[in-house]
Amino acid sequence: MASNPKNVGILAMEIYFPPTCIQQETLEAHDGVSTGKYTIGLGQDCMAFCSEVEDVISMSLTAVTSLLEKYGIDPTQIGRLEVGSETVIDKSKSIKTFLMQIFEESGNTDIEGVDSTNACYGGTAALFNCVNWVESSSWDGRYGLVVCTDSAVYAEGPARPTGGAAAIAMLIGTDAPIAFESKFRASHMAHAYDFYKPNLASEYPVVDGKLSQTCYLMALDSCYKRFCHKYEKLEGKQFSIADADYFVFHSPYNKLVQKSFARLVFNDVVRNASSVDEVAKEKLAPFTSLTGDESYQSRDLEKASQQVAKSLYDEKVQPTTLIPKQVGNMYTASLYAAFASLLHNKNSSLADQRVIMFSYGSGLSATMFSFHLREGQHPFSLSNIAKVMNVGEKLKSRHELPPGKFVEIMQLMEHRYGAKDFVTSKDATLLPPGTYYLTECDSKYRRFYAKKTGESTESAPVANGH
Ligand SMILES: CC(C)(COP(=O)(O)OP(=O)(O)OC[C@H]1O[C@@H](n2cnc3c(N)ncnc32)[C@H](O)[C@@H]1OP(=O)(O)O)[C@@H](O)C(=O)NCCC(=O)NCCS
């Protein structure tokens, strides 16, 4: 075991999203809203959703199994497993314990960690727990594993097109190609009722969409200011947007990501950062005297800063937006899916680049942190991670369902939420081989899963620990 772990971070990643999806354009027409509202107004292209045979447990079983298989990791090599999720299937039993089925055969029950929950922030909390463990004196030299898994569904209405679903698994260890710059980390935590799930009988959140947008931007400002301050204290020089190659944001919908980056540009203007050019200064100067509250309400500032930020957005943010635009909000997995998009788009040119990550979970918790990327050694290299995730192929091989079918599935899922004593259709035709799916929930609410094997729909049942 290394006595002083170096370059602790993400060694490998796997992403799974349901192959069932609906085009936002199709949804616009079905919902009778004006053309462009979801595609341009929210900036979304497509939305993935779980059919009745998938849930957050099946998706995470798939992501973890696939990661271990593709990287040839023996299950006994995992010493900590942390899950981030806000999709409640059980108020006591963690999703992590379901994942222990994967380790049964190897006899490895010596795995620390449970679930972390706070809206979309739980995945980041889980990641920090794992990284901190590897950096601590209790680390036993084995790998950590982080899983972010969520199904984002909303009641009919304006928030429904901001749904999505996915699970991401990340292997944590030393000498990582995606290494934490641990000292550069700033948080903002506060009490807010912007998005919450008080009704335990429903999967749908109570959401104040406009408030959640303001809370997000306020938390972003606060984290960025603190981040800059910490950087300047440690490095003895100013930090600005110019000091990072990419910015990755939690993405409830792409429009908010566009607004967020513009907000960082505005922050740099207010701070009089030396990297800001004269045109930007001139265009945004009239807004620098606004109070914080006024600045969040100003449509003129929003427009002007987005305009000023446009070319930098295309360079530093656009490559991170593919999966969130195509899959939708994945809650805890959203930020890491955005990062996966960057690996997919730029894998060969990322070595030695700095990536700033912004994690936000309503309620609210937010952290800005930094990765330093290194090419790494096979199989834990940036190019191999991108190859193994195979995002292009996964997006291409999806099945678009018509709106009628989508609504029907949402209704069935509403009915099934919190229910017992049901058997699913067990129809795995649309799922790729290797995908886990829900077969049954018995009279004691115990859930049973199977794995689709080979190229056929033939499946092998999975033990559920009984
Ligand atoms: C995002 C959300 C508030 C949008 O709700 P809405 O009532 O549809 O909001 P709006 O009517 O303002 O429309 C959204 C945007 O589309 C634009 N728009 C509307 N119709 C349009 C059209 N036909 N063409 C182009 N743009 C259009 C609006 O101008 C607006 O843009 P803006 O944000 O730049 O002002 C809603 O989907 C929601 O609550 N989602 C969940 C929020 C969430 O995820 N919160 C967690 C945050 S972490």
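1. A quick definition to start: the expected span of a helix is 1.5 Å times one less than its number of residues. Helices (H or I, at least four residues) and strands (E, at least two) are DSSP runs, numbered from the N terminus. Helix H12 is a nice place to try this: residues 334-346, 13 residues in total, should span 18 Å at 1.5 Å a residue, and the end C-alpha atoms are 18 Å apart, which agrees.

2. Before going further, please keep in mind that this is a predicted model, where local features need pLDDT of at least 70, side-chain atom pairs count only at pLDDT 80 or more, and totals for chains, interfaces and linings use all residues. Residues are numbered from 1 along each chain as its sequence is written.

3. Now the whole protein. It has 15 helices and 20 strands, and its C-alpha trace spans about 65 × 60 × 40 Å along the principal axes. For 466 residues, a compact globule would have a radius of gyration near 23 Å, and the protein has 22 Å, which agrees; this radius is taken over C-alpha atoms, with a globule rule of 2.2 Å times the number of residues to the power 0.38.

4. On burial, a residue is buried if 20 or more other C-beta atoms lie within 10 Å of its own, exposed if 12 or fewer, and partly exposed in between, with C-beta atoms placed from the backbone. Buried residues make up 47% of the 466 residues. Helix H12 is mostly covered, with 11 of its 13 residues buried; among them are Ser-334, Leu-335 and His-344.

5. UniProt (unreviewed entry) gives two domains. The feature "Hydroxymethylglutaryl-coenzyme A synthase N-terminal" is placed at residues 5-177, a span that is 27% helix and 25% strand. Its C-terminal counterpart in the record covers residues 178-452, where the chain is 44% helix and 21% strand and the end C-alpha atoms lie 32 Å apart. Annotations like these may be inferred rather than shown by experiment, and their positions follow the numbering used here, with feature names shortened.

6. Which residues does UniProt list as "active site"? The unreviewed entry names Glu-86, Cys-120 and His-250. Cys-120 sits in the loop between strand E5 (115-116) and helix H5 (122-134), and is buried because 31 other C-beta atoms lie within 10 Å. His-250 lies in the loop between strand E11 (246-249) and helix H7 (254-270), and is likewise buried, with 31 other C-beta atoms within 10 Å.

7. Contacts tie these residues together, where a contact means C-beta atoms, placed from the backbone, within 7 Å. Leaving aside neighbours within four places in sequence, Cys-120 is in contact with residues including Glu-86, His-250 and Ser-334. By the same count, His-250 touches Cys-120, Ser-334 and Leu-335, among others.

8. Around the ligand there are 23 residues, of which Ser-34, Gly-36, Gly-41, Gly-209 and Pro-252 come nearest; a residue is near if its C-beta atom, placed from the backbone, lies within 6 Å. Helix H2 (37-41) and helix H6 (209-235) are the elements giving two or more residues to this shell, and H6 gives the most, with four.

9. Finally, Lys-259 is found in helix H7. Buried or partly exposed? Lys-259 counts as partly exposed, because it has 19 C-beta neighbours inside 10 Å. Not counting residues up to four places away in sequence, Lys-259 touches Leu-217, Glu-302 and Gln-306.

Key
Contact = placed C-beta atoms within 7 Å.
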